[in-house]
Amino acid sequence: MADVLKGVPVAVSLTEELTARCERLKALGVTPSLAMLRVGEKPGDLAYESGALKRCEKIGISVKKIILPSDADSKEITAHINEINNDDSIHGLLMFRPLDDKSAERSACEALDPSKDVDCMTDASLSGVFTSSGKGYAPCTAQACVELLAHYGVILEGKRVAVVGRSLVIGRPVSMLLMRENATVTMCHSKTQNLPEVCRNSDVLIAAIGKAKFIGADFVSPGQVVIDVGINTDDEGKLCGDVDYDSVSEIVRAITPVPGGVGAVTTAVLAKHVIESAERVI
């Protein structure tokens with residue numbers, strides 16, 4: 001049976017570090033502050049909001065909530081973005097995505113000041129991730145994967161990593177972050193030939209394809225570490241990941257659970273980005 005790489009110990013460790021950094025900032029007269037902009041009442045957004053609020057409260061980060069109706073238009077959303085840009089007391093923005101109105105989402109991403117982009121909404125932040133320039137912040141979930149691997153002492157240098165999924169939210173940016181750690185990354189997708197074989201031949205497998213229990217026993221081999229980024233519901237309506245946990249955990253060396261894995265680290269990474277943004281203005 002595989003070792004279970006739980007996210008809570010990672011989040012606790014990060015929270016302790018960030019609390020100390022937050023206290024130092026406050027001693028200098030700076031209170032780290034995050035704006036949360038939510039459009040509508042999607043259950044996933046509400047769950048993430050609740051977790052992020054609790055994490056910020058533990059660390060000492062101030063939070064400003066902006067709640068808009070589900071039919072809010074681009075003009076209204078962008079107006080709030082501009083207010084955040086012009087408010088020097090706010091160090092970062094979390095906007096819950098995706099929005100139903102893709103045009104409004106794109107306008108909001110284009111309007112945000114990259115210096116306050118703590119979840120990689122802007123093209124400037126994505127550019128920073130892909131060029132390793134040190135500017136901007138990686139998507140919180142993508143970085144959470146790397147933080148989790150580091151916490152559990154998983155060596156990436158020289159290792160083969162298969163990333164299943166190529167979205168700009170996880171697949172592509174996490175591949176760039178892994179290459180910074182000198183891993184050899186194969187980014188896979190639905191058109192990859194011999195996908196199970198490619199995954200089996202990796203040392204680390206990151207599942208981020210957005211399909212419930214897509215990664216089965218035929219995708220893995222003994223000795224692997226599996227990171228499951230997926231958040232789905234199965235046929236019984238239960239929360240599950242992109243990995244068929246029951247079958248895969250019998251084979252691999254270590255695996256993250258869903259829930260309780262990567263998701264538990266994501267809010268701590270969000271808080272880390274807010275603290276870093278506040279530190280940059282001192």
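Two strands pair if DSSP finds at least two bridges between them. Strands (E, at least two residues) and helices (H or I, at least four) are DSSP runs, numbered from the N terminus. The model is predicted: local features need pLDDT of at least 70, side-chain atom pairs count only at pLDDT 80 or more, and totals for chains, interfaces and linings use all residues. Residues are numbered from 1 along each chain as its sequence is written, and side-chain values use heavy atoms, with hydrogens and water left out.

**Stop 1: strand S2**

Select residues 33-39, strand S2. Seven of its seven residues are buried (under 20% relative accessible area; exposed is over 50%, partly exposed in between; 1.4 Å probe, protein chains only). Show the side chains. Ser 33, Ala 35, Leu 37 and Val 39 point one way. Leu 34, Met 36 and Arg 38 point the other way. In a regular strand the side chains alternate between the two faces of the sheet.

**Stop 2: the neighbours of S2**

Add strand S4, residues 92-95. S4 runs parallel to S2, and four bridges join them. Which residue of S4 is the bridge partner of Met 36? Pick Leu 94. Now add strand S3, residues 62-68. S3 and S2 are also parallel, with seven bridges. Here Ala 35 has Lys 64 as its bridge partner.

Bring in helix H2, residues 43-59. With S2 and S3, helix H2 makes a right-handed β-α-β unit (with the strands pointing away from the viewer, the path from the first strand over the helix to the second runs clockwise).

**Stop 3: salt bridges**

How many salt bridges does a search of the whole structure find? Twelve. Each is a side-chain nitrogen of Lys or Arg within 4 Å of a carboxyl oxygen of Asp or Glu. Start from Arg 38 in the strand you already have: a salt-bridge network links Arg 38, Glu 41, Glu 49 and Lys 65.

Next, select Lys 272 and Glu 147, a salt bridge at 2.8 Å, N to O. Lys 272 sits in helix H10 (residues 262-280) and Glu 147 in helix H6 (residues 140-151), so the pair ties together parts 125 residues apart in sequence. Both residues are buried.

Move to Lys 213 and Asp 234, whose closest N and O atoms are 3.7 Å apart. Lys 213 is in the loop between strands S7 (204-207) and S8 (225-228), and Asp 234 in the loop between S9 (232-233) and S10 (239-240), so this bridge ties together parts 21 residues apart in sequence. Lys 213 is partly exposed at 39% relative accessible area; Asp 234, at 17%, is buried.

Finish at Lys 238 and Glu 236, a salt bridge at 3.6 Å, N to O. Both residues are exposed.
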